[in-house]
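User: I'd like to go through this model with you and ask how each label is justified. Shall we take a look together?

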Amino acid sequence: MKVIIRADASIEIGSGHVMRCLTIAKKFREAGCQVTFWMEPLPGNIINFVAQEGFDNLEEADYADLYIIDHYALDKEWEQAIRKYAQKIFVIDDLARSHECDVVLDQNIVPNYATRYDVLVPEHCIKLLGPQYLIVRDEFIKVRQQPRERGDIVKRLLVFMGGSDPTNETMKVLQALDYFIFEHVDIVVGHGNPSKVQIESICNKRGYHFHCQIDYMAMLMQQADFAIGTGGATMWERCYVGLPSSATIVAENQRETTEYAEKLSVVNNLGWHEQVAEDTYKSLLSTLTVNEMGAKGLALTANKQPNAWMYKIMELMK
């Protein structure tokens, strides 16, 4: 089966769409499919990183059994145009937009998550909605199966503010951290972070552990007592492995899910990035507590079959 994945990464977009599509790509490759990406060479792209993972990149449309689309800038009209190249179309969304597709996956949980796509997709469309359809790498599944008991005192801190960190949250956190001492601090950035050289220099001076574009995030999450991060997909990954965390909303599409996650007590929502300053992170760091956040995150993301979406797609393609 031939699969084409349409997604992009850039300084503005970030790398989240492509990274979660890499998880999907590897699952389909394991199932014996031929998988190719279609990414534009935007500033801050990670085309070379995807190539290192073993996937070629297209520059234009081609015929495929399955098109996977994970892109906020591509809509129903684009999907209708690509239909002549695709036997089936699988759309990944977080925003409850209108689509022309055969399967839609939205792993987020909001008050009306189970019904919000009812009038937005064709009647025949298979709807895979909510945390039970989380897209998770094998490393996260293994960590979840080996839960770690965390004490009341935060000794190990993990900071990851997204691959490109367009709002420069990592630097705000580093400025706040200058007033605190932790036994171990991990700072993670992506290739698309324009401040990564400066961040690495600060980490080296302070003895923090600097990581760039890694494939062992689950291990760092397992070792950490608390994480400072953003909303979006990585927020659900932290919940999936039971890691207490804060979330800064750095994009409008993260607002509703992050605010609802706070109501469910699975994350400490710091709010919209423009209102989050160095002092906000100072206040967080001075009152860090583990409480029951991790356990609630584990309960919310529980599922009988990890990556259940994969089995649904393979059944559809038979």
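**Reading the labels**

Analyst: Happy to! This is a predicted model, and a good place to start is one residue pair: Leu66 has Lys88 as its bridge partner in β5.

User: What makes β4 and β5 a pair of strands?

Analyst: Two strands pair if DSSP finds at least two bridges between them. Five bridges join β4 to β5, and the two strands run parallel, so they count as paired.

User: Why is the crossover from β4 to β5 called right-handed?

Analyst: The chain leaves β4, passes through helix α3 (residues 76-82) and reaches β5. With the strands pointing away from the viewer, a path that runs clockwise from the first strand over the helix to the second is right-handed, and this β-α-β crossover carries that label.

User: How do you know that β1 and β4 belong together as well?

Analyst: Strand β1 (residues 2-7) and strand β4 (residues 64-70) share five parallel bridges, and the cut-off is at least two, so this is a pair too. Among the partners, Arg6 is matched with Ile69 and Ala7 with Asp70.

User: What makes β3 and β7 edge strands?

Analyst: The open sheet has seven strands in the order β3-β2-β1-β4-β5-β6-β7, with parallel pairing. β3 (57-58) and β7 (126-129) each pair on one side only, which is what makes them the edge strands.

User: Which strands does helix α12 touch?

Analyst: Helix α12 (residues 308-317) packs on the sheet and touches β4, β5, β6 (103-106) and β7. The direction of α12 makes about 160° with that of β5.

User: Why is β4 called mostly covered?

Analyst: A residue is buried when its relative accessible area is under 20%. Six of the seven residues of β4 are buried, so "mostly covered" fits.

User: Which residues touch the most other members of the largest nonpolar core?

Analyst: That core has 34 residues, and Ile5, Phe28, Phe37, Ile68 and Trp309 touch the most other members. The largest share, seven residues, comes from α1.

User: What is Ile5 in contact with, leaving aside its neighbours within four places in sequence?

Analyst: Contact means heavy atoms within 4.5 Å. Ile5 is in contact with Cys21, Ala25, Val35, Thr36, Phe37, Trp38 and Ile68.

User: And what makes β9 and β10 a pair?

Analyst: Four bridges join the parallel strands β9 (residues 184-189) and β10 (residues 209-212), so the cut-off of at least two is met. Ile187 stands opposite Phe210 in β10, and β9, helix α6 (residues 196-206) and β10 form a right-handed β-α-β unit.

Technical notes
Residues numbered from 1 in each chain as written. Predicted model: local features only at pLDDT ≥ 70, side-chain atom pairs only at ≥ 80, totals over all residues. Heavy atoms only, no water. Axes fitted to C-alpha atoms, helices over the stretch in contact; angles between N-to-C directions. Buried < 20%, exposed > 50% of the residue type's maximum accessible area, 1.4 Å probe, protein only. Core = buried A, V, L, I, M, F, W, Y, C linked by side-chain atoms within 4.5 Å.
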